Amino acid sequence: MQKTLSVIDLRAIKENAEKIRSVLGNRFFYAVVKADAYGHGAEEVARAIECVADGFCVAIVDEGIALRVAGISKPVLVLTPPQDRYDVERAAFYSLDLTVNSVATAELCRGNFCHIKVNTGMNRTGCNLNELPKVLDALDADKTVSVYSHLYAPESSAESRKQLALFERAEKLAKARNSNIFGHLSASGGLLRGGEFLKDGVRCGILLYGYAPSGFSAKGFKPALKVYARRTQQTAFIGGGVGYNKADRNYNKLSVYRLGYADGFFRGVPLGEKTLCMDAFISDGGEDMKCVLSDADAYARLAGTISYEVLTSVTKRSERVYLR
């Protein structure tokens with residue numbers, strides 16, 4: 001097999017989900033499986049934890065449809081507001097909940113189950129507080145499921161508390177229209193902050209996969225992914241280069257592994273000797289199969305990025321193997 005091998009431990013993901021559930025008690029728990037469950041495989045992850053989660057979050061309608069086709073029956077919230085009537089019609093057909101962020105999207109989504117996204121400071125998606133009454137007016141009260149927002153700096157107590165205060169004003173307005181509306185402000189960072197930030201429930205993504213947002217520790221949570229590359233050749237070194245780089249020392253033997261930057265790894269982060277090629281890298285090791293990723297945080301530090309980007313990149317051209 002020429003593909004890289006991604007070994008994904010669904011048992012670890014389920015344990016992580018159960019740990020999140022234990023923190024929340026009776027509050028609701030939406031598992032975030034957008035971006036193909038951060039590279040772990042959305043359908044397989046959702047099946048593994050459907051008995052633990054109350055619902056799921058995806059980024060776009062197509063991701064929600066894939067869950068429904070896979071047999072997932074619990075609520076699915078599409079986080080990106082619909083762009084046109086086609087998005088709304090497909091979401092309705094597959095019983096997906098929609099995000100509303102303005103009067104215009106509220107009118108577009110009328111008649112469907114909706115969650116109102118409020119801008120409390122991230123300035124990414126959401127209506128501002130002064131728009132919220134009109135948004136509420138434009139929706140069917142009995143189909144307005146929740147009001148929610150997102151912490152832009154959960155590691156900062158001061159910034160998070162500013163957002164909490166603004167969100168509680170939005171929550172009060174929404175619940176005055178319908179007492180059954182629930183409020184959720186926190187993702188993984190807010191869950192780890194705990195207390196008032198748990199509100200009626202949370203949306204958790206990165207913690208499910210064993211990692212934490214910047215400023216927090218994932219202690220007690222288990223990483224679920226390892227990526228392996230297969231050796232395609234072992235050769236005696238004849239001088240010259242190591243891939244596209246001039247060798248700066250002599251080698252006895254070199255092994256070539258079928259993994260490169262086209263597989264989502266970063267060219268400037270060596271996995272063996274020198275830089276990666278598009279589809280291969282070279283090492284002086286001799287393993288038939290080499291584990292190239294087991295700690296996304298450590299790799300992210302070398303790459304100058306975050307574990308989220310690493311996880312969503314490195315499994316795109318992999319053969320996935322699930323441990324159940």
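**Helix pair**

I started with the handedness of the α1/α3 crossing, and it is right-handed. Worth jotting down up front: this is a predicted model.

Next I looked up who makes the contact. From α1 I have Leu-10, Ile-13, Lys-14 and Ala-17, and facing them from α3 are Glu-44, Val-45, Ala-48 and Ile-49. I sorted these contact residues by type and got six nonpolar, two charged and no polar.

Then the geometry. Two packed helices get described by the angle between their axes plus the distance between those axes, so I pulled both. Helix α1 covers residues 10–24 and α3 covers residues 42–49. Their axes come within 9 Å and cross at roughly 55°. That angle is neither under 35 degrees nor in the 65 to 115 range, so I put α1 and α3 down as oblique to each other.

**Cysteines**

How many disulfides are there? I count zero, taking a pair of sulfurs within 2.5 Å as the cut-off.

I checked Cys-57 by name. Cys-57 is in no disulfide, and the nearest cysteine sulfur belongs to Cys-204, 9.8 Å away. Is Cys-57 buried or exposed? Buried: its relative accessible area is 0%.

Cys-114 was my other lookup. Its closest cysteine sulfur sits in Cys-109, at 4.5 Å. With the cut-off at 2.5 Å, that is too far for a bond, so I wrote no disulfide for this pair. Cys-114 is buried as well, with a relative accessible area of 1%.

How values were computed:
Residues numbered from 1 in each chain as written. Predicted model: local features only at pLDDT ≥ 70, side-chain atom pairs only at ≥ 80, totals over all residues. Heavy atoms only, no water. Axes fitted to C-alpha atoms, helices over the stretch in contact; angles between N-to-C directions. Helix = DSSP H or I, 4+ residues; strand = E, 2+ residues; numbered from the N terminus. Parallel < 35°, antiparallel > 145°, perpendicular 65-115°, else oblique. Left-handed = near helix turned anticlockwise from the far one by under 90°. Contact = heavy atoms within 4.5 Å. Nonpolar A, V, L, I, M, F, W, Y, C, P; charged D, E, K, R; others polar. Buried < 20%, exposed > 50% of the residue type's maximum accessible area, 1.4 Å probe, protein only.
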